[in-house]
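Visitor: I am new to this structure. Please pick one part and take me through it closely.

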Amino acid sequence: MNHAHDEPGAIRPPSGPRDHGGAQEVPAARRAAEGDRALPGAAPASRPEESGDVGRLAATVERLRQEASEAQWAADGRALIEMAKGILVGRLGCGPAEASRQLTMLAEQSGTTVLGLAVDVINQSARDRVSEIAEHFLESTGGGPDAPRAPAPAVRLRAAESGMLAATDSQAVAGALLENALRPLGAHGVAIWVVGSDSSLALVGQAGFTEEEADRWRYVPPEVATCARLALHHRELTAVASLSDAGIPTIGRRRHPDGGRIVVPAGTGGRIHGVLEVSWPDPLPPQRQQILRQLEAMAELCAHTLEERSPEEQPCTTGAPHLAGIAELADLADQLHDPVLVLTPHLDAGGQLADFRIHHSNDRFVDPAGRPRSLVTGVHFLEAYPAAAEGNGLFSKLERVYATGEPCRAPHTALTAFVDEVALTSVADVSISRHGTALLLIWKIEDETARLASLLQHAQRLGRVGGFEQNVRTGAITWNGQLFTLFGLPADASPVPIEDLASHAHPHDVNSIGRFLRTLLHRLRESSVDFRLRRPDGITRHIRVVAEPVLDEQGRLYAVRGACQDISAQHWTEVALAATRDQLASSEAESADRTKLALQLQQAIMPPAPAPLEVPGIRIAVRYRPAESESLVGGDWYDSVVLPDKKILISVGDVAGHGIQAATGMVVLRNALRGLAVTGAGPAQLLSWLNTVTHHLTSYLTATAVCGIYDPATRTLRWARAGHLPPVLIRGAQARAFSLAPGMLLGALPDLTYVEEEVQLEREDVLLMYTDGLVERRDASVTDSLTQLLAVASRPADSLDKRLDNLLTYSASDTDDDTCLIGIQVH
């Protein structure tokens, strides 16, 4: 039997002679266990030498402490070895001496200590949580059946278990845990909390903390947030990396404000009896799974200890509940006026909560499926109501209350039973509380009449509606509370008769109220009226009254009943809407006139289908696509004209903005550029002059433009840009954009100069000038849009017109802006 080393400081056979009782093995095991430090904050193995009397005294104290600790470990080790001998006696049928000899021989053959082998024998025989920890640790380190193993975690846990069993109270249990199992992990303190029936926490044992701290934390009231409360809330192991970061109070926080904590619920059979809280002096990093499993095993040991100390509340391991006090609980249920179930826990073979048994139901309980109480009492809860296990249903609430002891109230909870696969459900307000090991489930069926009455009251309040009824024979008047509020009267005031409404109304509404009363009281027909109510507090409210006559068996008027509604908000909303409609109608008419004027001006200068310009040596084609929305009349413009010196002016531009101002600005700049081009100046000079016109002769106008002068005789193009996208040259099957020459947009500054560039064109070259409406996209950059334009422009085309049509068709633009496009093809 070989054993693997899975942690630092593994237990090894001592070099000296062995005692078959294992007494000499224990100090080595103690040193090995203390060497297995996986958490921060572990005490140092040695201390520097100190001089003088103080140093000698400290050394003596440390030596005595070590001797006491080793003596304790020796005692615990002897107990474990004796337990292993007893197991071997039972298995081998031999005497104690032969069992001791077999244990020593097997330890020598496996290369481990007698204590380590004893713990392994106990684990194989017990098959409990500690055994699972040892097997999991072996698997995680890759050990096989023939590999050597180091049972340090199992030794610590078995030693702690032995110390806890020998302890006389919870204080001694805490000390045994800290010394035997937790201090080797770097922990400096441990606290054991017991959960009270009211979810309070009581400190029943601690080690590593001062008595002063323990006295302050003897009792924690319910619902006070502490680290231990986290384990109750989550019902699982919870780590707090740093107390200062979490801001949660707990025992020992003053001494180690940055320390870490791990809290583990200590429970059995689905019920949490207490909480194990382990403290480290420094912040706690994420822990290995093996360490967390060890802490859970320690909490389970604590749970069994706490459970044994309260046998009056302990469920039996066979699954049958302990019945102490349940008879009194059933008697209490019979005295209640609401339907009540008394539930007791049902545990599975492993001691875990599997279900609840309906121990008792009082005579007011009505099964949704109509089954008599005798068929419901005594069965399992999920057997009777399987739908309760769905999602975060009723069964999960029962589990939580049973585990933590915290009462639960859940309104509008459904309880469903199935009859011939048909779901029958009742809805109730549920209250769950734990009493000993039993649960009291109060199932208060909703009163449909009361619920509807409450709903009606809320509806009347939200709708500002009040109801009334008036007996015309006796004069008795009944108002609800909301009607007194509408009229501005105290609740003890006398109601206003319906015949006196006119005296509380605005004088202009008296005639309307008179017609309402004649229809209601004389014609005996339902009627309504809107009037202005003048309240005693001086406030005027707009009220609508709807009433109907109530006739007796002879068809004579007996009473009048109806309702009043405060419609002030609706009235003023209607007034505001009427004024807004008038204003919008006026604004829409004015806007339509402005848009129509701008559109006519734009189409007069920029026709959607301009005629091609015929010039010897080149062919010029133009495409203009207006905006899809007529309300977005823009300032895009283009121009191509033959100058007096036979050169050709080619330009495109875009005035910022939309509407009449942009359209008129476009006309100004286009005509100004035409006039300036007659001077024979180059493109850069023309843009400089055009910038002066834009800045000084227009009101807050800015624009972009590209200006080109083409000489057919030499096929040269001189061009300049003012904040506009550069032209595109298509030569053969390749399309490229001109370099981005510097040039600020028009109108930005009073005096600007522009850079002029010259390009030599060849036969069959195609030059494109365009506005940003051809390429601009909301979800893409200009660079990406220009790349897409070049890809489309590179496609072969039969003619210049076909090429321009393709560019418009496959344009990626999505801004609904105007688009101007000029194409120049050299012959």
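Guide: Here is a walk through one sheet, the helices on it and the core they share. Keep in mind that the model is predicted.

Start with the sheet. It is open and has five strands. Their order is 8-7-11-10-9, and the pairing is antiparallel. Strand 8 and strand 9 form the edges, each pairing on one side only. Ignoring direction, neighbouring strands are turned against each other by 40° on average.

Strands like these are held to one another in a common way. The strands of a sheet pair through backbone hydrogen bonds, which may be parallel or antiparallel.

Look now at one pair. Strand 7 and strand 8 are antiparallel partners over seven bridges. Take Leu 341 as a marker: its bridge partner in strand 8 is Ser 361.

Next come the helices. Helix 12 covers residues 326-335. It lies across strand 7, strand 8, strand 10 and strand 11. Against strand 7, helix 12 runs at about 155°. Helix 15 also packs on the sheet. Helix 15 touches strand 7, strand 8, strand 9, strand 10 and strand 11. The direction of helix 15 makes about 10° with that of strand 10.

Now the core. The largest nonpolar core has 28 residues. Six of them touch the most other members: Leu 343, Phe 356, Ile 358, Phe 381, Tyr 385 and Leu 394. Several elements each supply at least two residues of this core. Among them are strand 7 (340-347), strand 8 (353-361) and strand 9 (408-419). Strand 10 (422-435) and strand 11 (438-445) are also on that list. So are helix 14 (381-384) and helix 15 (394-404). Helix 15 gives the most, with five residues.

Finish on one residue, Leu 394. Set aside its neighbours within four places in sequence. Leu 394 is then in contact with Phe 381, Ala 388, Thr 413 and Leu 415, among others. Its contacts also include Val 430, Ile 432, Leu 441 and Trp 443. Both Leu 394 and its contact Phe 381 are on the list of core residues that touch the most other members.

To recap, the sheet runs 8-7-11-10-9, helix 12 lies across four of its strands, strand 7, strand 8, strand 10 and strand 11, and helix 15 packs on the sheet while giving the most residues to the core.

Terms used: Residues are numbered from 1 along each chain as its sequence is written. This is a predicted model: local features need pLDDT of at least 70, side-chain atom pairs count only at pLDDT 80 or more; totals for chains, interfaces and linings use all residues. Side-chain values use heavy atoms; hydrogens and water are left out. A nonpolar core is a set of buried Ala, Val, Leu, Ile, Met, Phe, Trp, Tyr and Cys residues joined through side-chain atoms within 4.5 Å. Buried means under 20% relative accessible area, exposed over 50%, partly exposed in between (1.4 Å probe, protein chains only). Contact means heavy atoms within 4.5 Å. Two strands pair if DSSP finds at least two bridges between them. Axes are lines fitted to C-alpha atoms, for helices over the stretch in contact, and angles run from 0 to 180 degrees between N-to-C directions.
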